[in-house]
Amino acid sequence: MSASLELWPSSPRRSGPPSRVDRLRRKVNELPCALLLFTQLAALVAYPFIETRAGDVRETGRAIFGLIGLVVLFLAVRAVRATPALTWVAVGLGGPVVLLTIGEAVWPTNDVVAFWSALLHALFYFYTGYGLLRYMFADNWVTRDELYATGATFTVVAWGFAYLYVAVQLLWPNSFTIYGEADPGTRTWFELLYLSITTMTSTGLSDIIAVEPHARAFVLLQQIAGMLYVALVVARLVGLTIARFRQ
């Protein structure tokens, strides 16, 4: 096709090797699951510094962490776009989640807003985990981004259960307690995330314990999900990797 007939003419390419920014942009486009995984791991390290602040500084830190959460949501939607899952479902769940996250910052003591925010957060992250699972099972080849997807799927599902525990705690107060505490109290999101990850990894019970029957039921579901994840996903990817090197 001649240049005069081109409907979408390409932009002129620069001569010479790609710049460092171009290489970084290419890596980001090629490895969306890696970006999602490392962002969530960085958030894990950053949150304790926010949690230990006091007064207005602590409230400002929580607002900043809320913004980081919105970035994670954006990266999760972007990762789902790279999977066979339906992007419009992720966007449809992510939009209300963003609004409710802002609502939590405006009305921090409103339990109704907090409940629906936690529930939709959980649904969003679970759907993202489903999309990443489909991404890993879409073919018989293991790419580098699919290996990162194994870690991203784990963190996304752990995030989802942490938000689910927040919703459970709002429906059934005093569902969780800390070992040695006289009376069950209200656990923070980070404490419930700690419970979620220790449950998901099957490393044993943490010092945070589910004491209410409904809470224990959801913890049991996560224990089963963690076992199935290791048995099905990790074993499959290891098997495909070994088969690839044997060819």
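This is a guided tour of a predicted model, stop by stop.

**Start with the whole chain**

Show the protein as a cartoon. You should find eight helices and two strands. Follow the chain from its start, and the order reads α-α-α-α-α-α-β-α-β-α. Now switch on the surface. About 14700 Å² is exposed, and carbon and sulfur atoms supply 67% of that area. Of the 247 residues, 39% are buried. Take the contacts between residues at least 6 apart in sequence: 72% of them join residues at least 24 apart.

**Select helix H4, residues 87-106**

Pick the C-alpha atoms at the two ends of H4. They are 29 Å apart, which agrees with the 28 Å that 20 residues should span at 1.5 Å a residue. Next, colour the buried residues of this helix. They are Val89, Ala90, Leu93, Gly94, Val97, Leu100, Thr101 and Gly103. Look at how they are spaced along the helix. An α-helix has 3.6 residues a turn, so residues three or four places apart point the same way.

**Select Thr153 and Thr155 in helix H6**

Go to helix H6, residues 144-171. Thr153 lies in this helix. Is Thr153 buried or exposed? Its relative accessibility is 1%, and buried means under 20%, so Thr153 counts as buried. Show what surrounds Thr153. Beyond residues up to four places away in sequence, Thr153 touches Gly129, Leu132, Leu133, Met136 and Tyr229. Then pick Val233. Thr153 and Val233 are 80 residues apart along the chain, yet their C-alpha atoms are separated by 9.9 Å.

Move along to Thr155, also found in helix H6. Thr155 is buried too, at 9% relative accessibility. Which residues does Thr155 touch, leaving out those up to four places away in sequence? They are Leu37, Gln40 and Leu41. Pick the C-alpha atoms of Thr155 and Leu41. The two residues are 114 apart in sequence and 8.3 Å apart in space.

**Select Asn174**

Continue into the loop between H6 and E1, where Asn174 is found. Check its backbone. Phi of Asn174 is near 60°, a positive value in a residue other than glycine. Asn174 is partly exposed, with a relative accessible area of 39%.

**Select Arg187 and Glu191**

Now find the loop between strand E1 (176-178) and helix H7 (189-201); Arg187 sits there. Show the side chain of Arg187 and that of Glu191. How many salt bridges does a search of the whole structure find? The search finds one. Glu191 and Arg187 have side chains that meet in a salt bridge, at 2.9 Å from N to O.

Compare the burial of the two partners. Arg187 has a relative accessible area of 9%, under the 20% limit, so it is buried. Glu191 is at 22% relative accessibility, so it counts as partly exposed, because that class lies between 20% and 50%.

Stay on Arg187 and show the backbone of Phe176. The backbone oxygen of Phe176 lies 3.5 Å from a polar atom of the Arg187 side chain. Finish by drawing the contacts of Arg187. Neighbours within four places in sequence aside, they are Gln169, Phe176, Thr177, Ile178, Glu181, Leu192 and Ile208.

**Select helix H7**

Leu192 leads into the next selection. Leu192 is one of the buried residues in H7, along with Trp189, Leu193, Leu195, Ser196, Thr198, Thr199 and Met200. H7 has 13 residues. From its first C-alpha to its last, H7 reaches 18 Å, close to the 18 Å expected at 1.5 Å a residue. Step just past the end of H7 to Ser202. Ser202 takes a positive phi of about 55°.

**Finish on the surface**

Turn the surface back on. Select Leu133, Phe137, Ile224, Met227, Leu228 and Leu232. They form a nonpolar patch on the surface, with about 550 Å² of accessible area together. Which helix gives the most to the patch? Helix H8, residues 213-246, does, with four residues.

End on Phe137. This patch member lies in the loop between helix H5 (111-136) and helix H6. Phe137 counts as partly exposed, at 38% relative accessibility.

Conventions. Residues are numbered from 1 along each chain as its sequence is written. This is a predicted model: local features need pLDDT of at least 70, side-chain atom pairs count only at pLDDT 80 or more; totals for chains, interfaces and linings use all residues. Side-chain values use heavy atoms; hydrogens and water are left out. Buried means under 20% relative accessible area, exposed over 50%, partly exposed in between (1.4 Å probe, protein chains only). A polar contact is a pair of N or O atoms within 3.5 Å; within protein, one must be able to donate a hydrogen and the other to accept it, and residues adjacent in sequence count only if both atoms are side-chain atoms. Contact means heavy atoms within 4.5 Å. Patches are made of residues with over 30% relative accessible area and no salt bridge: like charges are joined within 9 Å, nonpolar side chains (Val, Leu, Ile, Met, Phe, Trp, Tyr) within 5 Å. Accessible areas come from the Shrake-Rupley method with a 1.4 Å probe; for residues, only the protein chains shown count as cover. A salt bridge is a side-chain nitrogen of Lys or Arg within 4 Å of a carboxyl oxygen of Asp or Glu. The expected span of a helix is 1.5 Å times one less than its number of residues.
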